[in-house]
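Student: Hi! I've got a structure open and would like to talk it through with you. Can we start with whatever catches my eye?
Tutor: Sure, go ahead.
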Amino acid sequence: MEFLLLGFSELLRLRVLLFLVFLVIHLVTLAGNMMIFLAVVMEPSRPPMLLFLCQLSAIELCYTLVIVPKALLSLVAAEGSTISFLGCAAQMLLFVALGGAECFLLAAMSYDRYVAICQPLRYAALMSQGLCLRLALACALGASAVALALTVAMFRLPFCQPRRIDHFFCDVPAVLHVACTQSYGAELPLLAACVLLLLLPFLLILASYVCITTDLLHITSPAGRGKAFCTCISHLAITLLHYGCATFIYIRPKSSYSPARDKVVSLVYTNITPLMYPLIYSWRNKEIRGVLRKMLRRKKIAQVNGDAIRVVMYMCGKF
């Protein structure tokens, strides 16, 4: 009851280089998302967008911890690494649940931008902290329910021997490719999950931006229009990154599955995009930059105070 994750076994000469590159990217991603998460948690007054960013950073932290360690292990093992049946199912469940929660969260963030631009006078009343927490909880629970149903459907399929998954983690298309079935019925759970986790949030995001664009057209001042649109750039960039990779991998028939191409796109999806998120939001979002400055200032003050206390203790010890 095991699967063999082949990983990057065809790139034996580049294993050491890939291992070092992925390890550095993984550590930088963890540090960036952890910094944003801690900065928002330590901030006493948190606007709605900061709450959403905190959840997004938490998702990315869990996301990389679910996928990257096994990918690094597959680079160490020359012929791939084994994973148990339950371990593979758990990895797929967590991966789909976290990815789905991110899709729903991006939809909630687009609604936040819609209220901020189209109904600014009612923003504080509509986007209360309680509503943001309820939206965050709904995103997590909804994605977990869909992920559980998809995982159960996938692992009820019969699997061919040998159970060799040509991937570095238990991704849905890679596991479906190993299944001993040629019927289109096996692809229906994946199609339903794509509709619920990808298409539905995307339509909500699209509707929000249609309303935002319509409202911006009524602003006569180009400077005001540009200032309002700049608040959406970070969210748009992350949405395009997330949906671009996810659509390429999951919305297609089983017959068009290509292991080599999927692994390259999955590398971007699971390593590069989580690294880009903190950079994009730290660069374009004034609120998160302000919170990070406050955290670094507190750290510097604490360090100065600690140095002063050590000097005083040293002087007292001399006398």
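Student: Which residue lies over the face of Phe 3?
Tutor: That is Arg 163, at 5.7 Å from the ring centre. Keep in mind that this is a predicted model.

Student: Does Phe 3 have ring partners too, and which residues are in its cluster?
Tutor: Ring pairs link Phe 3 with Phe 85, Phe 155 and Phe 159 into a cluster.

Student: How many aromatic pairs does the structure hold?
Tutor: There are 11 aromatic pairs. One of them is formed by Phe 155 and Phe 159, a tilted pair with 6.0 Å centre to centre and 50 degrees between the planes.

Student: Are Phe 155 and Phe 159 buried or exposed?
Tutor: Both Phe 155 and Phe 159 are buried.

Student: What about Phe 202 and Tyr 243, why is that pair called tilted?
Tutor: The ring planes of Phe 202 and Tyr 243 are at 55 degrees, so the pair counts as tilted, and the centres are 5.5 Å apart. Tilted covers planes that are neither under 30 degrees apart nor over 60.

Student: Where in the chain do Phe 202 and Tyr 243 sit?
Tutor: Phe 202 is in helix H7 (residues 188-217) and Tyr 243 is in helix H8 (residues 222-250). They are 41 residues apart, so this pair links distant parts of the chain.

Student: And is Tyr 243 buried or exposed?
Tutor: Tyr 243 is buried, at 7% relative accessibility. Its partner Phe 202 is partly exposed, with a relative accessible area of 36%. The cut-off for buried is under 20%, which means Tyr 243 falls inside it and Phe 202 does not.

Student: Changing topic! How many helices and strands are in the chain?
Tutor: The chain has 10 helices and three strands. Along the sequence, the pattern reads β-α-α-β-α-α-α-β-α-α-α-α-α.

Student: What do the three strands form?
Tutor: They form an open sheet in the order S2-S1-S3, with mixed pairing. Strand S2 (81-84) and strand S3 (164-165) stand at the edges with a single partner strand each, so one side of each has no neighbour in the sheet.

Student: How many bridges join S1 to S2?
Tutor: Four bridges join strand S1 (residues 2-5) to S2, and these strands run antiparallel. In that pairing, Leu 5 stands opposite Ser 81 of S2.

Student: And what about S1 and S3, parallel or antiparallel?
Tutor: S1 and S3 run parallel, joined by two bridges. The bridge partner of Leu 4 in S3 is Arg 164.

Student: Which side chains of S1 are buried?
Tutor: Phe 3 and Leu 5, which point to one face, are buried. Glu 2 and Leu 4 point to the other face and are not buried, so the side chains alternate along S1.

Student: Which helix lies across all three strands, S1, S2 and S3?
Tutor: Helix H3 lies across them, at about 85 degrees to S2. Helix H2 (residues 48-76) packs on the sheet as well, touching S1 and S2, and its direction makes about 140 degrees with that of S2.

Student: How many residues does H3 have?
Tutor: H3 (residues 85-118) has 34 residues. From first C-alpha to last, H3 reaches 49 Å, close to the 50 Å expected at 1.5 Å a residue.

Student: Why is H3 said to be largely enclosed?
Tutor: Because 26 of its 34 residues are buried, H3 is largely enclosed by the rest of the structure. In the chain as a whole, buried residues make up 46% of the 319 residues.

Student: Is Ala 143 buried or exposed?
Tutor: Ala 143 is buried, at 0% relative accessibility. Ala 143 lies in helix H5 (residues 129-154). Leaving out residues up to four places away in sequence, Ala 143 touches Ala 97, Gly 100, Ala 101, Phe 104 and Leu 197.

Student: How far apart in space are Ala 143 and Phe 104?
Tutor: They are 7.7 Å apart, C-alpha to C-alpha, and 39 residues apart in sequence.

Student: Last one: where does His 235 lie?
Tutor: His 235 is in helix H8, and His 235 is buried, with a relative accessible area of 1%. Apart from its neighbours within four places in sequence, the contacts of His 235 include Leu 106, Met 109 and Tyr 281.

Note on methods
Residues are numbered from 1 along each chain as its sequence is written. This is a predicted model: local features need pLDDT of at least 70, side-chain atom pairs count only at pLDDT 80 or more; totals for chains, interfaces and linings use all residues. Side-chain values use heavy atoms; hydrogens and water are left out. Rings of Phe, Tyr and Trp (its six-membered ring) pair if their centres lie within 6.5 Å; planes under 30 degrees apart count as stacked, over 60 as edge-to-face and the rest as tilted. Buried means under 20% relative accessible area, exposed over 50%, partly exposed in between (1.4 Å probe, protein chains only). A charge sits over a ring if NZ of Lys or CZ of Arg is within 6 Å of the ring centre and within 35 degrees of the ring normal. The expected span of a helix is 1.5 Å times one less than its number of residues. Two strands pair if DSSP finds at least two bridges between them. Contact means heavy atoms within 4.5 Å. Axes are lines fitted to C-alpha atoms, for helices over the stretch in contact, and angles run from 0 to 180 degrees between N-to-C directions.
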